[in-house]
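Here's a quick briefing on a protein chain, put together for someone new to reading structures. Have a look at the sequence and the 3D view before reading on.

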Amino acid sequence: MGRFKPKKQRSNQPPRQRFHIDDRAVSQAEILAAGEQLSNNVDDHGRLLYMNSSSLGLGQVATGIDLDTGTLQTTDGEDPMPVALFEPERAMMSRLPGRAPAEIQVEGAIALGMRRFPRGVADLRTIPGWALHRLADDRIELRSPDGGVYSRITVPASPDWYSAALHHGYAVCFYGPQLGVRTPPGSSPVTYTDAKRLEEFRTARGRGLVAGGIIAYRNNR
C-alpha cells in the first residue's frame, strides 16, 4: 500500500471542538475573548515570603564557594532573600499536538525574558528589564520590560520584607497558577499547611507551570 491508503469514511458525528473553557467546548472567538479578559485583569493572588520558607523548599541563596573545603557559602546572618509569589486568578491552558500542556500567561512571561523554573536544577538568574514595584498603598506590581503591569497583588504590609528587598535591591519572583498561594476548595488556612503548599509548588514546577527570576526592586513610597 505504501503512502496510498484507502480514504477514511466521513463520520456523521459533529466535528470535535478544539477549544475548551472549564471543560466546556467553545468557539475560537470565545477563546480569544477570554484571553483578552485575562490580559486586561492584572490583579492576582500573592504572598511575600523568603527563600528559606518551608513552603518553597529552596533553602538559602549561594553567594560563593569555599575553595579550600568545596562548601557553598550562603546568606546566613544577612537579611534573607525576599520572594514574591504571583498567582493569576485563572489559568489558561493550551496544548499543541505532541507537546505537553502549557499555561499561556506563564509562557507569555517567559517570552518576555523570565525563566522557566522546573524541578531539579533550575536556572534562576537576574532578569533584565523586569521590575518589582512597591506602590504607595503597599500593593506590589510585577512590571514587564515594556513598563506594563504583568501582575499586581494586594498583600498585608510587611516591613521586614521591604527592608530585605531594599537591602538586596532585588527580590525573587515566581509567576504561575499553582504556587501554593490560594487555599484550595474544601480546605482552610489551618489545614492547608506549608507541606501542602510545597507539594503544590513542586508539582507546578514539574509540569513546567512556573516562571521565575531575580527582579530589581523599586520602592515607590
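What follows is a lead on the whole chain, then bullet points by topic.

This is a predicted model, where local features need pLDDT of at least 70, side-chain atom pairs count only at pLDDT 80 or more, and totals for chains, interfaces and linings use all residues. Residues are numbered from 1 along each chain as its sequence is written, and side-chain values use heavy atoms, with hydrogens and water left out.

**The chain as a whole**

- You'll find 4 helices and 14 strands in the chain; helices (H or I, at least four residues) and strands (E, at least two) are DSSP runs, numbered from the N terminus.
- The chain has 221 residues, and 36% of them count as buried. Here buried means under 20% relative accessible area, exposed means over 50%, and partly exposed is in between (1.4 Å probe, protein chains only).
- Among contacts with a separation of 6 or more, 66% come from residues 24 or more positions apart. A contact means heavy atoms within 4.5 Å.
- The accessible surface adds up to about 13500 Å², and carbon and sulfur atoms own 50% of that. These areas come from the Shrake-Rupley method with a 1.4 Å probe, and for residues only the protein chains shown count as cover.

**Strand β13 and its partners**

- Strand β13 covers residues 170-175, and 5 of its 6 residues are buried, so the rest of the structure largely encloses it.
- On one pairing, β13 runs parallel to strand β6 (residues 82-87), with 4 bridges. Two strands pair if DSSP finds at least two bridges between them.
- One bridge in that pairing matches Ala 84 with Cys 173 of β13.
- Strand β14 (residues 211-219) runs antiparallel to β13, and 6 bridges join the two. Phe 174 has Gly 212 in β14 as its bridge partner.

**Ile 215, a residue in β14**

- Ile 215 sits in strand β14, and it's buried, with a relative accessible area of 0%.
- What does Ile 215 touch, not counting residues up to four places away in sequence? Its contacts are Ile 127, Trp 130, Ala 131, Leu 132, Leu 142, Gly 169, Tyr 170, Ala 171 and Cys 173.
- Ile 215 and His 133 are 82 residues apart along the chain, yet their C-alpha atoms are separated by 9.9 Å.

**Arg 197, a buried charge**

- Arg 197 belongs to helix α4 (residues 194-206).
- Arg 197 is buried but has no salt bridge, and the nearest side chain of opposite charge, Asp 194, is 4.2 Å away. For charges, Lys and Arg count as positive and Asp and Glu as negative, while His and the chain ends are not counted.
- A salt bridge needs a side-chain nitrogen of Lys or Arg within 4 Å of a carboxyl oxygen of Asp or Glu.
- Which backbone oxygen lies 2.7 Å from a polar atom of the Arg 197 side chain? That's the one of Gly 180, and the side chain also reaches the backbone oxygen of Val 181 at 3.0 Å.
- Leaving aside neighbours within four places in sequence, the contacts of Arg 197 include Arg 47, Ser 55, Leu 179 and Tyr 192.

**Salt bridges**

- Side chains of opposite charge can pair when their charged atoms come close.
- How many salt bridges does a search of the whole structure find? There are 7.
- Arg 152 and Asp 43 form one of them, with the closest N and O atoms 3.0 Å apart. Arg 152 is in strand β12 (residues 149-153) and Asp 43 in strand β3 (residues 43-50), so this pair ties together parts 109 residues apart in sequence.
- Within that pair, Arg 152 counts as buried at 15% relative accessibility, whereas Asp 43 is partly exposed at 37%.
- Asp 43 and Arg 152 also belong to a salt-bridge network with Glu 141 and Arg 143.
- Glu 107 and Arg 116 meet in a salt bridge at 2.8 Å, N to O. Glu 107 is partly exposed at 27% relative accessibility, and Arg 116 is partly exposed at 34%.
- Asp 138 and Arg 134 meet in a salt bridge at 2.9 Å, N to O, and both residues are buried.

**Pro 118, out in a loop**

- Pro 118 is found in the loop between β9 (115-116) and β10 (126-134), and it's partly exposed, with a relative accessible area of 28%.
- The C-alpha atoms of Pro 118 and Thr 203 are separated by 9.4 Å, with their positions 85 residues apart along the chain.

Notes:
A polar contact is a pair of N or O atoms within 3.5 Å; within protein, one must be able to donate a hydrogen and the other to accept it, and residues adjacent in sequence count only if both atoms are side-chain atoms.
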